[in-house]
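Me: I'm a first-year student and I'd like a close look at one part of this model. Could you take me through it slowly?

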Amino acid sequence: MNEQFLIEQIILYLGQYQRFGGKYNETMAYERLEQLRALKGLKDADEATDYLISRMEGAMAA
């Protein structure tokens with residue numbers, strides 16, 4: 001899986017979690033975040049979250 005796919009999946013699952021709740025959406029968002037962390041070689045989930053936010057801000061600015 002590539003970086004953009006993982007970011008889109010995280011956004012999708014978080015959006016569904018916010019709207020509908022559910023343990024599945026929460027779990028899948030965290031799994032995708034963990035995959036993004038491993039792909040980018042980040043230290044922990046906090047770094048992965050910061051990276052995700054920075055990528056989303058960059059996309060919104062474009």
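How many aromatic pairs does the structure hold? Please start there and then show me the helix on each side of the answer.

Reply: Happy to! One thing to keep in mind from the start is that this is a predicted model. The mean pLDDT of the chain is 92, and 94% of its residues reach 70 or more. Confidence is highest in helix 2, at a mean of 96, and lowest in helix 3, at 87.

Now to your question: the structure holds 1 aromatic pair. Its partners are Tyr-13 and Tyr-24, whose ring centres are 6.1 Å apart and whose planes meet at 80°, so the pair is edge-to-face. Planes over 60 degrees apart are what earn that label. Tyr-13 belongs to helix 1 and Tyr-24 to helix 2, so the pair ties together parts that are 11 residues apart in sequence.

Are the two partners buried or exposed? Tyr-13 has a relative accessibility of 9%, so this ring's residue counts as buried. Tyr-24 has a relative accessible area of 54%, and is therefore exposed. The cut-offs behind those words are under 20% for buried and over 50% for exposed.

Let's follow Tyr-13 into its helix. Helix 1 has 18 residues and spans 26 Å from its first C-alpha to its last, close to the 26 Å expected at 1.5 Å a residue. Along with Tyr-13, its buried residues are Glu-3, Leu-6, Ile-7, Gln-9 and Ile-10. These cover an arc of only 160° around the axis, which puts them on the same side of helix 1. Turn to the face away from that buried side and you find the exposed residues Arg-19 and Phe-20.

Next comes the helix that carries Tyr-24. Helix 2 also has 18 residues, and its first and last C-alpha atoms are 26 Å apart, close to the 26 Å expected at 1.5 Å a residue. Its buried residues are Asn-25, Met-28, Ala-29, Arg-32, Leu-33 and Leu-36. Looking down the axis of helix 2, you see them fall within an arc of 140°, so they line one face of the helix. On the other side of helix 2, Tyr-24 is exposed together with Lys-23 and Ala-38.

Two residues of helix 2 make a nice contrast. Met-28, which lies in this helix, is buried at 12% relative accessibility. Its C-alpha is 9.8 Å from that of Tyr-17, although the two are 11 residues apart along the chain. Glu-26 is also found in helix 2, but at 36% relative accessibility it counts as partly exposed. The C-alpha atoms of Glu-26 and Gly-58 are 24 Å apart, with their positions 32 residues apart along the chain.

So where do some of those buried residues end up? Leu-6, Ile-7 and Ile-10 join Leu-33, Leu-36, Leu-42, Ala-48, Tyr-51 and Leu-52 in the largest nonpolar core, which has 9 residues in all. Helix 1, helix 2 and helix 3 each give two or more residues to this core. In soluble globular proteins, nonpolar side chains tend to be buried together. Ile-10 is a good residue to click on: leaving out residues up to four places away in sequence, it touches Ala-29, Arg-32, Leu-33, Leu-36 and Leu-52.

Finally, let's step off the end of helix 2. Just after this helix, Gly-41 takes a positive phi of about 70°. Gly-41 is in the loop between helix 2 and helix 3, and with a relative accessible area of 63% it is exposed. Its C-alpha is separated by 14 Å from that of Met-1, which is 40 residues away along the chain.

To pull your tour together, go back to the pair: Tyr-13 sits among the buried residues of helix 1, while Tyr-24 is one of the exposed residues on the other side of helix 2.

Technical notes
Residues are numbered from 1 along each chain as its sequence is written. Side-chain values use heavy atoms; hydrogens and water are left out. A nonpolar core is a set of buried Ala, Val, Leu, Ile, Met, Phe, Trp, Tyr and Cys residues joined through side-chain atoms within 4.5 Å. Buried means under 20% relative accessible area, exposed over 50%, partly exposed in between (1.4 Å probe, protein chains only). Helices (H or I, at least four residues) and strands (E, at least two) are DSSP runs, numbered from the N terminus. Contact means heavy atoms within 4.5 Å. pLDDT is the predictor's confidence in each residue, from 0 to 100. The expected span of a helix is 1.5 Å times one less than its number of residues. The arc is that of the directions from the helix axis to the C-beta atoms. Rings of Phe, Tyr and Trp (its six-membered ring) pair if their centres lie within 6.5 Å; planes under 30 degrees apart count as stacked, over 60 as edge-to-face and the rest as tilted.
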